[in-house]
Amino acid sequence: PAVTFGGKLSIPSDYRIAKKTFLAQVHSFLEANMGRGGNASLDRPVKGNSVPENKNLVKRAVSKVQGVKQDLSVLKSIWLRPLSGLDHAERLEHFYAPQANLYDRFRSSFLWGRERLVQSCAARLENESNLVWVDLGGGTGENVKMMAKCMDLKKFKKIYVVDLTPSLCEVARAKVKANGWKNVEVIEGDACTFQIPNNGKANLVTFSYSLSMIPPFHNAIDNARSLLAEGGLFGVTDFYVSSKFDLPCRQQTSVTRWFWRCAFDTDNIDLGPERRMYLDHHLQRVWEYNGKGSIPYVPYFKAPYYVWLGTNVKSAEGVDAVAKSRRPHLFPPTFLYSLSWEDPIVDEPVLNMGENDTMLTLTSGGCNALHVLLSKPKAVYCVDMNPAQSHLVELKVEAIRRLPYEDVWKMFGEGVHPEFNTIFSKKLAPFLNERAYDFWDNSKHFFSVGLYYYGSMGLVIWAWSIFSYIFGLRNWTKQMCSSPTLEKQREVFKSGILIRLLCMIPNFLITLGASILCNKAFMWGCLGVPSNQANLILGDGRSFGEYIGTVFGGAAKHTSLRVQNYFYHVCLMGKFSKDCCPHYLKEEHFNRLKNEKLLDRLHNVTGSFMDELSKRVYTKVILMDHIDWTEEPYQKELSARLSKQVAKGGKVILRSASKNPPYIKHIADAGFQMKCIHRHHDEPVLDCVNMYASFWVATKL
């Protein structure tokens, strides 16, 4: 996973086959991008094959030229042909008639919301049958074709494609006949007046880039609502501009609002916010996506569009408006941690979680929040300022909800899933908020290379993979992670050439090397350790060399990497094993999270820890090593806020890189009884991570 070229070539993590695989990928890359003969030393064409190859090239070139010619014809109709007609129906026909047969090709690279709308609807209806779907303003029936890729059309008793434009209806009827869709009927009619025969009701009603072209949109929406069965799904996708004061996820600048409204107004398309506001008022929003899509032959400009799903049952669980959160300064554009770096097994007896507990914790990789849910608390709030950490947790939660165990294991146990792109589009993306949707849509390659090779922690795992290959430590690593007993693991550990060399090097050289390696850039960029925390380590009078030796030596000698210590197992192997993994990846716990609906008790928040702490009273708070990162004024403010928001008898647990963190006195002064559970050197190993020099519990007096 170390090297990629345009997302097409990669060096695999198993370096024994690296050379063969890499050369094969180079060959494939050159063939795809340069044609055969791009590098004769890699592939010499078989004699006699050049003529068919040249014919194929000519056919593709002619096809592309014809496609461009067709697109230009559509653009001419859109941009240069003046609108005319006595009424709305005539104007639509005048606009679409010249481009009806070319409509689908051009719109496939322009109407980006259609596929997302169809996928989102299909994901919510795939387990139902005997459905009725009304697609208002359905045009050429392309949405039906898209739906056929997402679910079996036989699950629909009837599909009505309703459109006011005769030329588009003709194309739709031809498509229905060509595909043999017996349950699809194309109706030339008005979305404002169409009724299902025999006063029937629909399970799904959609507007796909049509609502903005209907002037009496109130009538169209009201009529569509009357068609919808109770609990039915209402879907809309279209271009848009926001209002001056809109939901955070929709908000646009004044220039953006003015430009796009003017640009589309010339074609009688109204992008005003009134349509979606009317939807929000009369229906319960259950999912929404706001994005931008490219426009054919128009570089740099991307038109704003939305996908909106709702229902007519007001008691249904709605979706909160998602703010446009930004990552904090100096944070990487991805997650720091792919798993939580604190041992939840050690936390359990200290916290003693119960069904009436409300907990607040830092998000990190989300593993510990999922672990706590198994205790059935009333609610768990996990918060992080880095949006990518929230996106990671959201993906884990939706994967557990929507996928079978083996798919979740491949994604988060092995870190690789060959079918992730399909699973993401059809099963997961329709339920993610738009920020998580965009993040994972751009990061799907994580699951083709290996999830745990990405993020800041992934840099360390990748570096170890390279290092162990170069110095012949792969077999030693595998033996460490597969030793049947702890005694055998200790033997393997001591026999490793790296360990023997380190034992031979004088202490001052180890200390010097550790000091050079543990610079601020490396500590933060790769390990996620800020300078404040590094200073706490040195403040105890310890060297980095001694600290590193205590951390890794204790974990290697006193915790089993085969069945217990999944933290270092994943670092050494780049993946978990089913015997050594976080609790949520064990099948029995996975089934509990899924079947007992424990995930409904988890609230995933992107924002400030202090802000979330102030919103409600908590009985349990997990600070992790959060205070290590901060300055004294914040530490005092946090202590005072904890005093107000933690219930009497409530517990706050925290860890520190220091044996005696200076901020402990601030928490004690705020009305907490402080107790140190353990420190480095008190015991051979503190927990499986063994990275924190002390572990504390504060009880509210």
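Helices and strands in these legends are DSSP runs, numbered from the N terminus, a helix (H or I) having at least four residues and a strand (E) at least two. The model shown is a predicted one.

**Figure 1. The whole chain, which is made up of 701 residues.** In the predicted model, the secondary structure of the chain comes to 30 helices and 16 strands, and 52% of the residues count as buried. Among the contacts in the chain with a separation of 6 or more, 73% are accounted for by residues 24 or more positions apart.

**Figure 2. Close-up of Y209, in the loop between β6 (202-208) and α8 (217-227).** The backbone of Y209 has a positive phi of about 55 degrees, although the residue is not a glycine. For comparison, most residues other than glycine have a negative phi. The relative accessible area of Y209 is 7%, and the residue therefore counts as buried, the limit being under 20%.

**Figure 3. Close-up of N690, in the loop between β15 (672-679) and β16 (694-700).** N690, which is not a glycine, has a positive phi of about 60 degrees. N690 is buried, and its relative accessible area is 1%.

**Figure 4. Close-up of T140, in the loop between β3 (131-136) and α6 (142-150).** With a relative accessible area of 1%, T140 is buried. The side chain of T140 is joined to the side chain of D104 by a polar contact of 2.6 Å. When residues up to four places away in sequence are not counted, T140 touches A100, Y103 and D104, and also L168, V171, A172 and K175.

**Figure 5. Close-up of V176, a residue of helix α7 (residues 166-179).** V176 has a relative accessible area of 13% and is therefore buried. Once its neighbours within four places in sequence are left aside, V176 is in contact with W181, V184 and V186. The view also takes in V144, which is 32 residues apart from V176 along the chain, and the C-alpha atoms of V176 and V144 are separated by 9.0 Å.

**Figure 6. Close-up of the buried residues of helix α20 (residues 486-495).** The buried residues of this helix are Q489, V492 and F493. They lie on the same side of α20, because they cover an arc of only 100 degrees around the axis.

**Figure 7. Close-up of the largest cavity, in which about 120 Å³ of space lies.** The structure holds five cavities of 30 Å³ or more, and the view is centred on the largest of them. The lining of this largest cavity is formed by 16 residues, of which Y240, G272, P273, R276 and Y306 lie nearest the centre of the cavity. Two elements, β7 (228-239) and α10 (274-282), each supply at least two residues of the lining. Sorted by class, the lining has seven nonpolar, three polar and six charged residues.

Key: Residues are numbered from 1 along each chain as its sequence is written. This is a predicted model: local features need pLDDT of at least 70, side-chain atom pairs count only at pLDDT 80 or more; totals for chains, interfaces and linings use all residues. Side-chain values use heavy atoms; hydrogens and water are left out. Buried means under 20% relative accessible area, exposed over 50%, partly exposed in between (1.4 Å probe, protein chains only). The arc is that of the directions from the helix axis to the C-beta atoms. On a 1 Å grid over the protein atoms alone, a cavity is a set of points where a 1.4 Å probe fits but cannot get out, and a pocket is an open set with protein on both sides within 12 Å along at least five of seven lines; lining residues have an atom within 4 Å of a point. Grid points are joined across faces, edges and corners, and a volume is the space filled by probe spheres set on the points. Ala, Val, Leu, Ile, Met, Phe, Trp, Tyr, Cys and Pro count as nonpolar, Asp, Glu, Lys and Arg as charged, and the others, Gly among them, as polar. A polar contact is a pair of N or O atoms within 3.5 Å; within protein, one must be able to donate a hydrogen and the other to accept it, and residues adjacent in sequence count only if both atoms are side-chain atoms. Contact means heavy atoms within 4.5 Å.
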